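Hi,

Here is the structure I said I would pass on. Have a look at it first, and then read my notes underneath.

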Amino acid sequence: MEQCQAVRKSGGGRRSCSTSSSMIANVRYTECQKNHAASIGGYAVDGCREFMASDTEGTAAALTCAACGCHRNFHRREVETEFACEYT
C-alpha cells in the first residue's frame, strides 16, 4: 500500500486520487492591505502583519482585527490545502 501527500498554497488546479483521499484546507489571514490614504490620492498601509479576531468565532466582532481595527477582508488571505491519498 502506497501513500502520497501534497501541500499546496493558494494554487489553482486540482489533484485527485483514484482511491480513498482526504483534503484539509487551512485559511490564514496575513498582512493588512487597506489603503488609508486613498481619499487624498496616496498610498499608505498601517503595518498590521496578521489578522487577530477581536472576539470569539461566530460573533460580528470576530470579523474585526484587534490590532488595526480593519475588517478581515482587508487582510491577505492564504489558503494552504493538504491532500492525502492512499493507494491500495
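Below is what I found when I went through it.

First, a word on what you are looking at: this is a predicted model. The chain averages a pLDDT of 82, and 74% of the residues score at least 70. Confidence varies along the chain, though. Strand β1 (residues 2-9) has the lowest mean pLDDT among the elements, at 50, while β2 has the highest, at 87. Over residues 1-5 the pLDDT is below 50, although this stretch does have 14 contacts in the model beyond its near neighbours in sequence. Where pLDDT is low, the predicted coordinates should not be read in detail.

Now the overall layout. There are 3 strands and 0 helices, so to speak a plain β-β-β run from the N terminus on. Buried residues make up 17% of the 88 residues in the chain. If you take the contacts with a separation of 6 or more, 60% of them are between residues 24 or more positions apart.

I'd start with T30 and H75. T30 is found in strand β2 (residues 20-32), and H75 in strand β3. Is T30 buried or exposed? It counts as buried, because its relative accessibility is 3% and the cut-off is under 20%. H75 is buried too, with a relative accessible area of 3%. The two residues meet through a polar contact: the backbone oxygen of T30 lies 2.8 Å from a polar atom of the H75 side chain.

Both have neighbours from elsewhere in the chain. Leaving out residues up to four places away in sequence, T30 touches R49, E50, F51, H75, R76 and E78. On the same footing, H75 is in contact with Y29, T30, E31 and C32, and also with C48, E50, F51, C65, C68 and C70. T30 has a side-chain partner next door as well, with a polar contact of 3.2 Å to the side chain of E31.

On to the charged pairs. How many salt bridges are there? The count comes to 2.

- R76 and E31: their side chains meet in a salt bridge at 2.6 Å, N to O. R76 lies in strand β3 and E31 in strand β2, so this pair ties together parts that are 45 residues apart in sequence. R76 is partly exposed, at 37% relative accessible area, and E31 counts as partly exposed at 21%.
- E50 and R28: this salt bridge is 3.8 Å, N to O. It links distant parts of the chain, with E50 in the loop between β2 and β3 (75-87) and R28 in strand β2, 22 residues apart. E50 counts as partly exposed at 40% relative accessibility, and R28 is partly exposed with 44%.

There is 1 aromatic pair in the structure. Y29 and F51 sit edge-to-face, 6.1 Å centre to centre, with 65° between the planes. Y29 is in strand β2 and F51 in the loop between β2 and β3, so the pair ties together parts 22 residues apart in sequence. Y29 counts as buried at 18% relative accessibility, and so does F51 at 13%. You have already met F51 above, as one of the residues that T30 touches and one of those in contact with H75.

One more ring to look at is F74. The charged end of K34 sits over the ring of F74, 5.2 Å from its centre.

Lastly, N35. What does its side chain meet in the backbone? A polar atom of the N35 side chain lies 3.0 Å from the backbone nitrogen of A44. N35 is in the loop between β2 and β3 and is partly exposed, with a relative accessible area of 25%. Not counting residues up to four places away, N35 touches G42, Y43 and A44. The C-alpha atoms of N35 and F74 are separated by 9.1 Å, with their positions 39 residues apart along the chain.

If you only have a minute with the viewer, go to T30 and H75, then the R76 and E31 salt bridge, then the Y29 and F51 pair.

Cheers

Methods
Residues numbered from 1 in each chain as written. Predicted model: local features only at pLDDT ≥ 70, side-chain atom pairs only at ≥ 80, totals over all residues. Heavy atoms only, no water. Helix = DSSP H or I, 4+ residues; strand = E, 2+ residues; numbered from the N terminus. Buried < 20%, exposed > 50% of the residue type's maximum accessible area, 1.4 Å probe, protein only. Polar contact = N/O pair within 3.5 Å; in protein donor to acceptor, adjacent residues only side chain to side chain. Contact = heavy atoms within 4.5 Å. pLDDT = per-residue confidence, 0-100. Salt bridge = Lys/Arg side-chain N within 4 Å of Asp/Glu carboxyl O. Phe/Tyr/Trp six-rings, centres within 6.5 Å; stacked < 30°, edge-to-face > 60°. Lys NZ or Arg CZ within 6 Å of the ring centre and 35° of its normal.
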